Amino acid sequence: MGHIIDISHHQPPQNIDYNKLAKNVDFVIIRTQYGSRVIDKHYKTHHKEFKKRDIPTACYAFVRGVSLNDMRVEARDFYNRTKDFKPTFWFLDVEEKSMEDMRAGVSAYVKKLRELGAKKVGIYIAHHLYESFNLNLDEVDAIWIPRYGTNNGYPRTKPDYPCDLWQYTSTGKLDGYNGNLDLNKIISDKTLSFFVGEDKKKDVTSKNTRKEIIYTVKKGDTLSGIANKYGTTVNKLVEINNISNPNLIYPGQKIKVNGSATQVITYTIKKGDTLSEIAKKYNTTVDKLVKDNNIKDKNKIYPGQKLKI
């Protein structure tokens, strides 16, 4: 399965290779506006470019209404600016207290979007504001919460509150864009097809269940040659096969050509480390570390030893 990203004009089109990035994502959520007055400079281009590559897109708007009526105005502007792109989902990005009663304000925003024709509406709520804002989350179709933990590009600290989408990092890296990306994952019983729309369900299922291709390296092969042969990239092959040096492959080596990456971290043991401390640091278990690293005695590890997390 590919990634779910959210982008805005902070990721300018001139810095994006849409062909490459589209190969790494299943769903893109694109900002339309910051309040009513600041329109995202590149939202139209982002929608058009991803849709040309058959990647479903949703939209979001940063909420800044200062009154119930102002919230309705923002909703109207959001809808009118975005409707022609037929987004699969409409998200309200709630990260600041713009009026005293945010619960009432956001409800007015949601209601107006529904009246205008938005079918699926969600709320992105800052983790530290979840309790104080006390939004009526029962009136929306999905909840999206950011929580990064160490924010090192990998899922670490899950939200303390129930949600459907978890934005787990703002420092993600994907082939096709050299800068940082927000990466998200579904952590509820909802499926990707729920977010991308039933019209895309067949396409996404086909893409995610295609037959896995395994290539056996022959003498003289290079990763770039293999990538060209199968219409992929060297970076993708390195990622999904956990190759540490792309210039060092050997005859007989098995290379997975398609599929999803397995996120593996290599940890070098330091003096005084214990497996329990390492497991706690990386949100895993001692038993899993023992199994994945073929450790015979969990009480005997040594400085310099490499652990696959």
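In this predicted model, N134 counts as partly exposed, because its relative accessibility of 46% falls between the 20% limit for buried residues and the 50% limit for exposed ones. N134 lies in the loop between helix 5 (130–133) and strand 7 (142–146). Its backbone is also notable: N134 has a positive phi of about 50° although it is not a glycine.

D54 offers a second case of this kind. The phi of D54 is near 65°, again a positive value in a residue other than glycine. D54 is found in the loop between helix 2 and strand 4. With a relative accessible area of 39%, D54 is partly exposed. The table sets these two loop residues side by side.

| Residue | Phi | Relative accessible area | Loop |
|---|---|---|---|
| D54 | near 65° | 39% | between helix 2 and strand 4 |
| N134 | about 50° | 46% | between helix 5 and strand 7 |

**The chain as a whole**

The protein chain contains 11 helices and 13 strands. Its C-alpha trace spans about 65 × 45 × 30 Å along the principal axes. Of the 309 residues in the chain, 48% are buried. The accessible surface comes to about 16400 Å², and carbon and sulfur atoms account for 47% of that surface. Among contacts between residues at least 6 apart in sequence, 60% join residues that are at least 24 apart.

**Strand 4 and its neighbours**

Strand 4 (57–62) is mostly covered, since six of its six residues are buried. How are its residues divided between the two faces of strand 4? On one side stand T57, C59 and A61, and on the other A58, Y60 and F62; all of these are buried, and both faces are therefore covered.

Strand 4 pairs with two strands described here. With strand 2 (25–34), the pairing is parallel and extends over six bridges; within it, V28 stands opposite T57 of strand 4. With strand 5 (90–94), strand 4 also runs parallel, and four bridges join the two. In this second pairing, the bridge partner of A61 is L92 in strand 5. Between strand 4 and strand 5 the chain crosses through helix 3, and this β-α-β crossover is right-handed.

**Helix 3**

Helix 3 comprises residues 68–82. Its 15 residues reach 21 Å from the first C-alpha to the last, close to the 21 Å expected at 1.5 Å a residue. The buried residues of helix 3 are M71, E74, A75, D77, F78, Y79 and T82. They pack against strand 2, helix 2 (43–52), strand 4, strand 5 and helix 4 (102–116).

T82, which belongs to helix 3, illustrates this packing at the level of one residue. Is T82 buried or exposed? T82 is buried, because its relative accessible area of 0% is under the 20% limit. Leaving aside neighbours within four places in sequence, T82 is in contact with T32, H47, C59, P87 and W90.

**Helix 4**

Helix 4 has 15 residues, which should span 21 Å at 1.5 Å a residue; its end C-alpha atoms are 21 Å apart, and the two values therefore agree. The buried residues of helix 4 are M102, G105, V106, S107, A108, Y109, V110 and L113. Their cover includes strand 2, strand 4, helix 3, strand 5, strand 6 (121–125) and helix 5.

**The nonpolar cores**

The largest nonpolar core has 32 residues. Which of them have the most contacts inside this core? They are L92, V94, Y109, L113, I125 and L135. The elements that give two or more residues to this core are strand 4, helix 3, strand 5, helix 4, strand 6, helix 5 and strand 7. Helix 4 provides the largest share, six residues.

The surroundings of V94 can be listed in detail. Not counting residues up to four places away in sequence, V94 touches V63, M102, V106, I123, Y124, I125, A126, F133 and L135. A second, separate core has 19 residues, including Y18, Y43, L181 and L183.

Terms used:
Residues numbered from 1 in each chain as written. Predicted model: local features only at pLDDT ≥ 70, side-chain atom pairs only at ≥ 80, totals over all residues. Heavy atoms only, no water. Expected span 1.5 Å × (residues − 1). Buried < 20%, exposed > 50% of the residue type's maximum accessible area, 1.4 Å probe, protein only. Contact = heavy atoms within 4.5 Å. Pairing = 2+ DSSP bridges. Right-handed = clockwise from strand over helix to strand, strands pointing away. Core = buried A, V, L, I, M, F, W, Y, C linked by side-chain atoms within 4.5 Å. Areas by Shrake-Rupley, 256 points an atom, 1.4 Å probe, with all protein chains shown as cover.
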